Amino acid sequence: MRKIKKIISKKNKTKIVSLTAYSKNVASILDNYCDIILVGDSLGSVLYNYKSTREVTLNTMIEHSKSVRMGIKKSLMIVDMPHNTYRTPKDALKNAKQIMKKTKCDGVKLEGGKKIYETIKTLVKNKIPVMGHLGLLPQSDKTFKFKGKKNLERVHIIRDSQLLEKAGVFSIVLECVETSLAKLITQNITVPTIGIGASKYCDGQILVFDDLIGLNPINYKFVKKYANIRNYISKSVSNYSKEVRKIKFPNKKNSF
Ligand code: KIV
């Protein structure tokens, strides 16, 4: 709870830095720079090439989270609850308890607003910290277009942000939300908003790590590639393959 309070206390003071990780080695690097590390169910498309995150299972999330846990010393570790694991408050509680126990994470993230209000209340009542997720919801969205263009959509997202706050979430991810709407929500709730494609006005930012380093060849508008790691890997593997073929590797130093 101390870590959760620390995140909340950053609102209106300092931006919250967050990234996804799916394994120990990556998590151990991100831990030096991030406030929150999310084991996102985006791993379904990033690692497993699933058509949607709906195919990700509870077991897959738990196994990757166990790996990530080993790499984190200080950041807050949050795990996505996969699709169909929080259909009822009872299901959600059983599955969230399992995630918390097996992965030793600090909290879980669920997608949605009004529909999962009672579920979030149940988790929070049982001392499970919850991060909300509004805007584009990959587990249920059909169009994958940014949200907040239409007035009714804006009204629903604002209502949902207030409901999530009331249910007791410690922060809310805003995914692909129009700038003025993200700003309005951020200014009107007491818990931090963490944006992805939701403007600079959010209290913090999150990106999928593979996108940030340019490992994912796809370009999304809301991503800035801070490296082109594909080139770097390509060069390294090309050099290795040349040296193996020319019998330059392994040399004496690499041999027993
Ligand atoms: O699954 C994920 O990686 C996420 C982030 C993009 C917020 O939910």
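How far is an oxygen atom of the ligand from an N or O atom in the side chain of Lys 109? In this predicted model, the two atoms are 2.9 Å apart. Taken alone, the ligand exposes 260 Å², and the protein buries 95% of that area.

Two further side chains place polar atoms beside ligand oxygen atoms. In Ser 42, an N or O atom of the side chain is 2.5 Å from an oxygen atom of the ligand. For Asp 41, the separation between a polar side-chain atom and a ligand oxygen atom is 3.1 Å.

The position of the ligand and its surroundings were also examined. The ligand sits in the largest pocket. The residues around the ligand include Asp 41, Ser 42 and Lys 109, and among the others are Thr 20, Leu 38, Gly 40, Asp 80 and His 133. Val 173, Ile 196 and Val 208 also belong to this shell. Sorted by class, the shell consists of 4 nonpolar, 4 polar and 3 charged residues.

The cysteines were considered separately. A search of the whole structure finds 0 disulfides. Cys 34 cannot form such a bond in this model because its sulfur is 16 Å from the closest cysteine sulfur, that of Cys 202, whereas a disulfide requires two cysteine sulfur atoms within 2.5 Å. Cys 202 is likewise in no disulfide, and its nearest cysteine sulfur belongs to Cys 176, at 11 Å. Cys 34 counts as buried because its relative accessibility is 2%, and the limit for this class is under 20%. Cys 202 has a relative accessibility of 0% and therefore also counts as buried.

Definitions and conventions. Residues are numbered from 1 along each chain as its sequence is written. This is a predicted model: local features need pLDDT of at least 70, side-chain atom pairs count only at pLDDT 80 or more; totals for chains, interfaces and linings use all residues. Side-chain values use heavy atoms; hydrogens and water are left out. A residue is near a molecule or strand if one of its heavy atoms lies within 4 Å of it. A polar contact is a pair of N or O atoms within 3.5 Å; within protein, one must be able to donate a hydrogen and the other to accept it, and residues adjacent in sequence count only if both atoms are side-chain atoms. Accessible areas come from the Shrake-Rupley method with a 1.4 Å probe; for residues, only the protein chains shown count as cover. On a 1 Å grid over the protein atoms alone, a cavity is a set of points where a 1.4 Å probe fits but cannot get out, and a pocket is an open set with protein on both sides within 12 Å along at least five of seven lines; lining residues have an atom within 4 Å of a point. A molecule sits in a cavity or pocket if more than half of its atoms lie within 2 Å of its grid points. Ala, Val, Leu, Ile, Met, Phe, Trp, Tyr, Cys and Pro count as nonpolar, Asp, Glu, Lys and Arg as charged, and the others, Gly among them, as polar. Buried means under 20% relative accessible area, exposed over 50%, partly exposed in between (1.4 Å probe, protein chains only).
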